[in-house]
Amino acid sequence: MITLYHCVSARSFRPLWMLEELGVRYELRMLPFPPRVLERSYLDLNPLGTIPLMINGGTRMTESAAICQYLCALSAPTSLQVEPAEDDYGAYLNHLHFGEATLTFPQTLALRYARFEPDRGLAIVAEDYSKWFLARLRTLEPLLAQQEYLCAGRFTAADVSVGYALLLAQHLGLVSRFTPAVKAYWERLQQREGYRRALQSQEAAAAAQGVSTVPAPDTAA
């Protein structure tokens, strides 16, 4: 069985959401945030101290978007994956990794200096990186003004990847600055049963395992 190590609403939410969309059985191991500080034994499993960590037999993965791609391939055929023979295969891969590399990266810096380390006096850095994120997010506006999802005319793992970046933006209080089509897209994603089940799963697992249910992005310094 797949085991996913997860902190509430952290990057590991991507593979959790993916697992729920695919209907794959999994074991969810909840960790306090940040685990490298509050759960030192986790470093024996993942020396990086980061989440996610997904273990499936001899496979161990720590990159959230890559785990989504892996899970889809493992579950193929699935509509959540775009196949190489489809016209939108390149767009699918690009958006799948755009969600993490381009959208989530600047948000992590905004979180660090606005919420996790506010005493460093770098609020201007947090605002600059929030603007960076929003500028890159706006590139999706023309596309989403014409179609419901990012590629292939359907919901895919690429939407899970980008969708997590929007969830993180919500925790950062940036939703009011979304462009209209992006905001409507985020509202659609939140209506998905897989998304809702993932939220419920992390809440229930955290409570059952004695871990705080406060979302990782909302954790104060």
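Tyr195 is in contact with Phe13, Trp17, Glu21, Leu167, Trp186, Leu189 and Gln190, leaving aside its neighbours within four places in sequence. The model is predicted. Tyr195 itself sits in helix H9, which covers residues 193–208. Is Tyr195 buried or exposed? Tyr195 is buried, because its relative accessible area is 4% and the cut-off for buried is under 20%. Along the chain, Tyr195 and Phe13 are 182 residues apart. Their C-alpha atoms are nevertheless separated by 9.4 Å.

## Helix H1

Phe13 belongs to helix H1, residues 13–22. How many of the residues of H1 are buried? Ten of its ten residues are, and H1 is mostly covered. The buried set includes the charged residues Arg14, Glu20 and Glu21. Phe13, Trp17 and Leu22 are also among the buried residues. Just after H1 comes Gly23, with a positive phi of about 75 degrees.

## H1 against H7

H1 packs on helix H7 with the two axes 9 Å apart. The angle between them is about 135 degrees. H1 and H7 are therefore oblique to each other. The crossing of H1 past H7 is right-handed. From H1, the contact uses Phe13, Arg14, Trp17 and Met18. From H7, the partners are Ala157, Asp159, Val160, Ser161, Gly163, Tyr164, Ala165 and Leu167. Sorted by class, this contact has eight nonpolar, two polar and two charged residues.

Two residues on the H1 side, Phe13 and Trp17, are in this contact. Phe13 and Trp17 also touch Tyr195.

## H7 against H8

H7 has a second partner, helix H8. H7 covers residues 157–171 and H8 covers residues 180–189. Their axes come within 10 Å and cross at roughly 105 degrees. How are H7 and H8 placed relative to each other, roughly perpendicular or roughly parallel? They are roughly perpendicular, because the crossing angle of roughly 105 degrees falls in the range of 65 to 115 degrees. H7 gives Asp159, Val162, Gly163, Leu166, Leu167 and Gln170 to the contact. H8 gives Val182, Tyr185, Trp186 and Leu189. The residues of this contact divide into seven nonpolar, two polar and one charged.

Leu167 of H7 is part of the contact with H8. Leu167 also takes part in the contact with H1, and Leu167 touches Tyr195.

Which residues of H8 are buried? They are Ala181, Val182, Tyr185, Trp186 and Leu189. Seen down the axis of H8, these residues fall within an arc of 140 degrees, so they line one face of the helix. The spacing has a simple background. An α-helix has 3.6 residues a turn, so residues three or four places apart point the same way. Trp186 and Leu189 are both buried in H8, and both are in contact with Tyr195.

## A strand residue

Thr3 lies in strand E1, residues 2–6. Thr3 is buried, with a relative accessible area of 11%. Not counting residues up to four places away in sequence, Thr3 touches Glu27, Arg29, Leu53, Met54 and Ile55. Strand E2 spans residues 26–30, so Glu27 and Arg29 fall inside that range.

## Unusual backbone spots

Some places in the loops depart from the general pattern. Most residues other than glycine have a negative phi, and most peptide bonds are trans. The table lists two cis bonds.

| Bond | Omega | Place of the proline |
|---|---|---|
| Phe33 to Pro34, cis | near -5 degrees | Loop between strand E2 (26–30) and helix H2 (35–38) |
| Ala76 to Pro77, cis | about 0 degrees | Loop between helix H3 (64–75) and helix H4 (89–116) |

Two residues other than glycine have a positive phi. Ser9 has a phi near 60 degrees. Ser9 lies in the loop between E1 and H1. Ser9 is buried, with a relative accessible area of 3%. Ala152 has a phi near 65 degrees. Ala152 lies in the loop between helix H6, residues 141–144, and H7. Is Ala152 buried or partly exposed? Ala152 is partly exposed, with a relative accessible area of 24%.

## A residue in H4

Tyr113 is found in helix H4. Tyr113 is buried, with a relative accessible area of 12%. Tyr113 and Glu20 are 93 residues apart along the chain. Their C-alpha atoms are separated by 32 Å.

Definitions and conventions
Residues are numbered from 1 along each chain as its sequence is written. This is a predicted model: local features need pLDDT of at least 70, side-chain atom pairs count only at pLDDT 80 or more; totals for chains, interfaces and linings use all residues. Side-chain values use heavy atoms; hydrogens and water are left out. Axes are lines fitted to C-alpha atoms, for helices over the stretch in contact, and angles run from 0 to 180 degrees between N-to-C directions. Helices (H or I, at least four residues) and strands (E, at least two) are DSSP runs, numbered from the N terminus. Contact means heavy atoms within 4.5 Å. Angles under 35 degrees count as roughly parallel, over 145 as roughly antiparallel, 65 to 115 as roughly perpendicular and the rest as oblique. A crossing is left-handed if the near helix is turned anticlockwise from the far one by less than a right angle, and right-handed if clockwise. Buried means under 20% relative accessible area, exposed over 50%, partly exposed in between (1.4 Å probe, protein chains only). The arc is that of the directions from the helix axis to the C-beta atoms.
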